[in-house]
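Reader: Please take one part of this model and look at it closely for me. I am a first-year student, so plain wording would help.

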Amino acid sequence: MKNIKLQMKGLIKISLLAFLMVVVVACKKDTRPNYQFMPNMYESVGYETYSESAAFRNGKEGQLPAEGTIPRGFKPFDIENTIEGYQLAKDSLNSPLDSTQIDLAKGKELYDIYCGICHGNKGDGQGNLVKREKILGIPSYDDAGRAITAGSVYHTIYYGKNAMGSYANQINEEERWQVVAYVMELKAKLEK
Amino acid sequence: MKKSYQSLEVNSTNNMEQVTRRTLGKNILQLSFILLLTLSTSLFAQEGDPAKGKTLFNTNCASCHNLDRKMTGPALRHVEQRLSDDHGLDREWLSAWIRNSAAVVKSGDDYGNKIFDEYNGTAMTAFPQLSDQDISDILAYTAQDAPKPDPATEAASAGGGQAAQSGTSNKLVLGALALLFALLAVALILVRKTLNRFAEAKGVEVPEDQKGLPLWKAFVQNQFLVLVTCIFLLLASGYFVYGYLMQVGVDQGYQPVQPIHFSHKIHAGDNGIDCKYCHSSARVSKTSGIPSLNVCMNCHKSVYEYKGETTAEYSKEFYDGEIKKLYAAAGWDDAEQKYTGETTPVKWVRIHNLPDFAYFNHSQHVTVAGIECQTCHGPVEEMEIMYQHAPLTMGWCINCHRETEVKVKDNAYYEKIHAELSKKYGVEKLTAAQMGGLECGKCHY
């Protein structure tokens with residue numbers, strides 16, 4: 001009987017140890033970041049991208065440019081986001097890129113990332129989101145009723161149209177014109 | 001989803017092949033029958049085929065119109081009925097509007113101008129290519145009644161319930177097993193007790209242990225054993241302490257709860273959206289960028305509900321709720337289809353965070369080196385909840401720089417330096433390390 005008692009004591013000790021280990025391990029949680037040795041070497045003194053900051057009135061590090069100013073090298077787009085503006089761009093706006101500057105490979109790369117998901121990599125309006133019926137009614141580039149031109153494509157990329165949003169913040173001016181060149185190439189291929 | 005589409009296509013083509021091989025004669029008969037049918041439908045042109053209409057509607061109209069929901073244009077269910085009942089407009093007016101709405105507005109048509117103004121002067125795209133038959137097909141589609149709660153979706157939700165049940169049944173099995181083991185343990189103890197009692201009753205002497213030296217005393221007296229144990233304990237604790245210290249500051253596996261449950265699995269995996277669609281600044285800048293909400297709204301203006309696969313944990317209601325959160329943050333009024341201007345920033349929790357003393361540039365790796373995002377970020381397209389895949393330690397960086405060969409082929413920029421360096425090291429291909437990827441000042445300055 002004494003033996004059994006001794007054994008029970010050992011058992012209790014072992015289970016206590018196991019319990020302690022479980023408790024120690026359970027302290028590490030994936031939803032919390034780990035400890036750091038010296039946080040002041042890890043954490044930036046300057047503002048981190050998108051961080052909160054008391055220095056600005058709206059409490060955010062990311063700020064819009066001051067009103068009436070433009071970044072260096074930025075060319076403002078004068079045509080307005082209206083139906084008249086669209087028509088104006090469609091009729092009169094042309095690509096500033098000449099034939100040596102047009103890089104269809106780059107245009108394709110950008111097109112496949114930003115446009116192909118809806119418009120289809122061939123421009124026929126059969127992108128993956130359309131095939132999966134997430135977004136419907138994407139027109140083909142050779143649609144007669146729309147009769148797109150380089151200017152109208154640029155205007156649409158810049159401001160968006162109907163359900164399509166603006167892509168001005170994802171691709172810069174030069175890249176937009178490269179995409180326009182590639183879209184017009186796709187349109188020509190579709191019309192063949 | 002993707003797979004099922006493909007398999008459907010494959011199936012149908014297979015079937016068609018089989019059919020053409022086996023039943024050519026029957027085919028001709030069917031063909032003439034179909035011809036007869038199409039002839040008869042063209043005779044009753046006003047009837048319209050809702051199935052065809054649906055296809056036409058989805059390709060031409062659905063970018064701006066939904067049957068039951070205001071989008072860029074008005075909801076269109078029973079549009080013909082409504083127009084003739086409320087405004088006395090017939091199909092002729094509708095056809096004219098569809099083919100060239102601008103002309104109708106210009107002609108000073110009352111209702112046309114009213115609608116035009118109501119939708120902020122957005123002119124409807126002209127569809128001159130639609131024939132009378134096409135228009136009647138589309139109108140036949142819009143004239144269908146709204147489907148009642150689909151039995152299929154109900155079955156699906158029941159299926160979800162079943163999945164949940166199977167989850168609980170798993171737990172049940174585990175619980176039953178645990179209970180069984182506990183019972184076994186108790187039974188063993190009881191058996192031992194009864195055996196001991198039997199032994200006592202029958203007077204069988206259970207040989208007691210000889211009271212010799214206790215084990216620990218014997219152990220202490222053996223100095224060699226003590227030494228070996230001490231060394232072993234020291235090494236073992238050293239190993240664990242080293243392991244613990246090395247993981248301090250390493251956030252591999254960090255998986256915070258985000259303010260909006262954004263599933264990379266649905267967006268990048270199921271829908272196949274390119275990483276750089278949302279993280280566009282990874283191409284051109286140091287940070288990969290958290291997309292601003294207007295990027296979300298590019299698609300979510302149209303995608304207002306979740307229609308994909310669901311599980312018990314992530315139901316359709318759950319995902320729809322997350323889209324509502326996005327609308328609230330972006331200030332999008334879904335009913336009125338316009339922005340209210342009241343926006344609130346979403347406080348995403350940053351996962352990948354290098355210490356301040358290390359410099360890392362995304363564009364250098366993504367655009368110049370052409371490295372896949374998954375090389376460092378792991379299988380993001382399978383992550384329902386985003387987590388940190390790589391340790392992001394210096395050893396990890398260096399390892400990759402030592403192993404990765406620089407893509408110098410067809411790159412004029414690297415031509416000269418490649419020629420010189422490959423002569424210096426006597427190798428054909430250069431790794432990032434040989435190009436200077438191990439220099440301290442490249443990342444620490």
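Author: The part chosen here is domain 1 of chain B, with one helix inside it. This is a predicted model. Chain B is divided into domain 1, covering residues 48-142, and domain 2, covering residues 405-445. The centres of domain 1 of chain B and domain 2 of chain B, taken over C-alpha atoms, are separated by 62 Å.

Some background on chain B helps first. Chain B contains 21 helices and two strands. Of its 445 residues, 15% are buried. Among contacts in chain B with a separation of 6 or more, 64% are between residues 24 or more positions apart.

Now to the helix. Helix α8 of chain B spans residues 132-142, and domain 1 of chain B ends at residue 142. The buried residues of α8 in chain B are B:Ile135, B:Ser136, B:Asp137, B:Ile138, B:Leu139, B:Tyr141 and B:Thr142. What covers them includes three other helices of chain B: α3 (50-61), α4 (79-87) and α5 (91-99). As a general rule, an α-helix has 3.6 residues a turn, so residues three or four places apart point the same way. In α8 of chain B, B:Ile135, B:Ile138 and B:Leu139 are among the buried residues, and so are B:Asp137 and B:Tyr141.

Elsewhere in chain B, a loop has a backbone detail to look at. B:Gln337 sits in the loop between β1 (332-333) and β2 (338-339) of chain B. Its phi is positive, about 55°, although B:Gln337 is not a glycine. Most residues other than glycine have a negative phi. B:Gln337 counts as partly exposed because it has 15 C-beta neighbours inside 10 Å, whereas a buried residue needs 20 or more.

Chain A has a residue of this kind too. A:Tyr50 has a positive phi of about 65° and is not a glycine. A:Tyr50 lies in the loop between α2 and α3 (83-92) of chain A. With 16 C-beta neighbours inside 10 Å, A:Tyr50 is therefore counted as partly exposed.

Finally, the two chains meet. In chain A, 36 residues are in contact with 50 residues of chain B. On the side of chain A that touches chain B, α2 (39-42), α4 (104-114) and α6 (128-131) of chain A each supply at least two residues. By class, that side of chain A has 17 nonpolar, 13 polar and six charged residues.

Note on methods: Residues are numbered from 1 along each chain as its sequence is written. Chains are lettered from A and ligands numbered from 1 in the order in which they are written. This is a predicted model: local features need pLDDT of at least 70, side-chain atom pairs count only at pLDDT 80 or more; totals for chains, interfaces and linings use all residues. Two residues are in contact if their C-beta atoms, placed from the backbone, lie within 7 Å. Helices (H or I, at least four residues) and strands (E, at least two) are DSSP runs, numbered from the N terminus. Ala, Val, Leu, Ile, Met, Phe, Trp, Tyr, Cys and Pro count as nonpolar, Asp, Glu, Lys and Arg as charged, and the others, Gly among them, as polar. A residue is buried if 20 or more other C-beta atoms lie within 10 Å of its own, exposed if 12 or fewer, and partly exposed in between; C-beta atoms are placed from the backbone. Domain bounds come from an automatic or database domain assignment.
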